[in-house]
Amino acid sequence: MTVKELTGSPSLATLYPKAALGGLRKPSGEATLPDTEYVRGGVTVDPAHLAAYNRVCGFRLTDDLPATYPHVLAFPLQMALMTEPDFPFPLLGLVHVANRITQHRPVRLDERFTLRVRAENLRPHDKGTQFDVVSELLPELAATDEPVWTDVSTYLRRSGAAKGSSPKRTELAPPAPSAVWTVPGDIGRRYAEVSGDRNPIHLHPLTARAFGFRSAIAHGMWSKARCLAAFEGRLPEAYTIDVRFQLPVLLPAKAAFTTWRTDDAGNAGWAFELWNARKPKPHLKGTITAV
């Protein structure tokens, strides 16, 4: 594997125009993922940035990083990887269908880290092609090369040649919510400020309509973070939170959050769902399991 070591965080201001130009590329031949890993050392957390992220996502202000926070540290490296000329798919048009994060131990605000990002596991899907972008966080002074945090984001590249029809959605009974959240119309812009993810589908109704949405939609990773924040005080030191994204949260929104235990032994095992509070349609489904 080729390792590209970065001395600083890639500039998102230059990567977004690069992503737009990449959408003009024509696919050529059989798709293969690049055998490249991006590595950035000396990664630290800005306390003010962490506090802003926590406020937007609903977390309390502590010196432990929420498990979803390192994703925003890795995001510029993910963008850099997926906008390279040898990446087989244009970034625009990829659908983020799932995200799995494992926190192997609490991650502290005052630590220094090394980030690693790579793409792997290219595989067929009934609607096109899927692959994973794997991000890992390693403490710089650790004696081992084992990550303390791992993030696997699964993306779908839809194909016009995909055969078969989508399965019919089952009409569900409205859930009994544990909570109902009012999601403001500007949450996409607010999350973009703290995450750097300024995809136009999240920012404004006009820019979202250009991509086929009738209004701006919430970031999937904001929705996941907001659900995780609802479990604060009940989480173990090491756990995996696994989410599959389903229907987008059209802004503004009323979202119903439902959760239940998945074990009888009192261990950290939960399932949860985020629903449209006005219609029985799920935005995401997830689980939390101790590791």
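This section describes the sheet, the helices packed around it, and the nonpolar core of a predicted model.

The central element is an open sheet of 11 strands with mixed pairing, arranged in the order E1-E2-E4-E5-E6-E3-E8-E11-E10-E9-E7. Its edges are formed by strand E1 (2-6) and strand E7 (179-183), each of which pairs on one side only. Neighbouring strands of the sheet are turned against each other by 20 degrees on average, direction ignored. At one edge, E1 runs parallel to strand E2 (residues 36-43), to which five bridges join it. Leu-6 stands opposite Arg-40 in E2.

Helix H6 (residues 220-229) lies across several strands, namely E3 (95-103), E7, E8 (239-245), E9 (253-261), E10 (269-276) and E11 (282-290). With respect to E8, helix H6 runs at about 135 degrees. Helix H4 (residues 187-195) contributes the buried residues Ile-187, Gly-188, Tyr-191, Ala-192, Val-194 and Ser-195. These buried residues pack against helix H2 (47-57), helix H3 (70-82), E7 and H6. Gly-196 follows H4 and has a positive phi, near 80 degrees.

The largest nonpolar core comprises 70 residues, and those with the most contacts inside it are Tyr-53, Phe-131, Tyr-191 and Phe-272. Helix H3 supplies the largest share of this core, with nine residues. When residues up to four places away in sequence are not counted, Tyr-53 touches Phe-59, Pro-66, Thr-68, Tyr-69, Val-72, Tyr-191, Val-194 and Ala-225. Two of these contacts, Tyr-191 and Val-194, are among the buried residues of H4.

Across the whole structure, 12 aromatic pairs are found. One of them is the stacked pair of Phe-89 and Phe-131, with 5.6 Å centre to centre and 15 degrees between the planes. This pair links distant parts of the chain, as Phe-89 lies in the loop between H3 and E3 and Phe-131 in strand E5 (residues 128-139), 42 residues apart. Phe-131 also forms a stacked pair with Tyr-155, at 5.8 Å centre to centre and 25 degrees between the planes. Because Phe-131 lies in E5 and Tyr-155 in strand E6 (residues 149-158), the latter pair ties together parts that are 24 residues apart in sequence. Phe-89 and Phe-131 are both buried, and Tyr-155 is likewise buried. Elsewhere, Trp-181, Phe-231, Phe-257, Trp-270 and Phe-272 form one aromatic cluster.

The model holds zero disulfides. Cys-57 is buried at 0% relative accessibility, and Cys-227 is buried with a relative accessible area of 0%.

Notes. Residues numbered from 1 in each chain as written. Predicted model: local features only at pLDDT ≥ 70, side-chain atom pairs only at ≥ 80, totals over all residues. Heavy atoms only, no water. Disulfide = S-S within 2.5 Å. Buried < 20%, exposed > 50% of the residue type's maximum accessible area, 1.4 Å probe, protein only. Pairing = 2+ DSSP bridges. Helix = DSSP H or I, 4+ residues; strand = E, 2+ residues; numbered from the N terminus. Axes fitted to C-alpha atoms, helices over the stretch in contact; angles between N-to-C directions. Contact = heavy atoms within 4.5 Å. Core = buried A, V, L, I, M, F, W, Y, C linked by side-chain atoms within 4.5 Å. Phe/Tyr/Trp six-rings, centres within 6.5 Å; stacked < 30°, edge-to-face > 60°.
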